[in-house]
Amino acid sequence: MNYTGLYTKIRAMRANLLNKSDYIDLSKSKSVHDVVNKLKKFSAYKNFLESIEPEKLHRGYIESKLILSGISDFKRIYNFISNHSLKKYLSAFFLRNEIYVIKLILSMIYDNRDINYDLNEEIGRASCRER
């Protein structure tokens, strides 16, 4: 199997992620708002963070948006692959993300917290498996 195209795609996507100095800068942030503003400068996070309403600007909601960003990246890679065996493997790997989201939702229910996930967005973007 030749993975040159996949390697190139992943390498291009990595260029939009944080590097060591970005993490250091992020760690100097004084508020959640400050973190979000810094992350919006990176195209890997911008689309998921730019639509956040000011009243929803808290850690839990930001975490859910960041998880969606990771899911979106994973799905872009998944959709790029034509090898059925590799897709099957990645679908099994992706199950970990689905379980994580389910655990978060169950935790929110158990703690009587508002579910701060946009479930329509979750369902639409989360699953890589063909149904």
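Here are a few notes on some helices and one lysine in this predicted model.

1. Start with α6, which covers residues 84-110, 27 of them. From first C-alpha to last, the helix reaches 38 Å, close to the 39 Å you'd expect at 1.5 Å a residue.

2. Both ends of α6 are worth a look. At the N-terminal end, N83 acts as the cap, with a side-chain oxygen 2.9 Å from the backbone nitrogen of S85. Past the other end comes N112, and its phi is positive, near 55 degrees.

3. Which residues of α6 are buried? The list runs L86, K87, L90, S91, F94, E98, V101, I105 and M108. Note that K87 and E98 are in there alongside residues such as L90 and F94.

4. Next, the pairing of α1 (residues 4-14) with α5 (residues 59-80): their axes come within 10 Å and cross at roughly 160 degrees. Angles over 145 degrees count as roughly antiparallel, so that is the label for α1 against α5. The crossing of α1 past α5 is right-handed.

5. As for who meets whom there, α1 brings G5, L6, K9, I10 and M13. On the α5 side, the partners are D73, R76, I77 and F80.

6. Last one: K38, which sits in α3 (residues 32-39). Is K38 buried or exposed? It counts as buried, because its relative accessibility is 15% and the cut-off is under 20%. Leaving aside residues up to four places away in sequence, K38 touches D25, L26, K28 and S29.

Conventions:
Residues numbered from 1 in each chain as written. Predicted model: local features only at pLDDT ≥ 70, side-chain atom pairs only at ≥ 80, totals over all residues. Heavy atoms only, no water. Helix = DSSP H or I, 4+ residues; strand = E, 2+ residues; numbered from the N terminus. Expected span 1.5 Å × (residues − 1). Buried < 20%, exposed > 50% of the residue type's maximum accessible area, 1.4 Å probe, protein only. Polar contact = N/O pair within 3.5 Å; in protein donor to acceptor, adjacent residues only side chain to side chain. Axes fitted to C-alpha atoms, helices over the stretch in contact; angles between N-to-C directions. Parallel < 35°, antiparallel > 145°, perpendicular 65-115°, else oblique. Left-handed = near helix turned anticlockwise from the far one by under 90°. Contact = heavy atoms within 4.5 Å.
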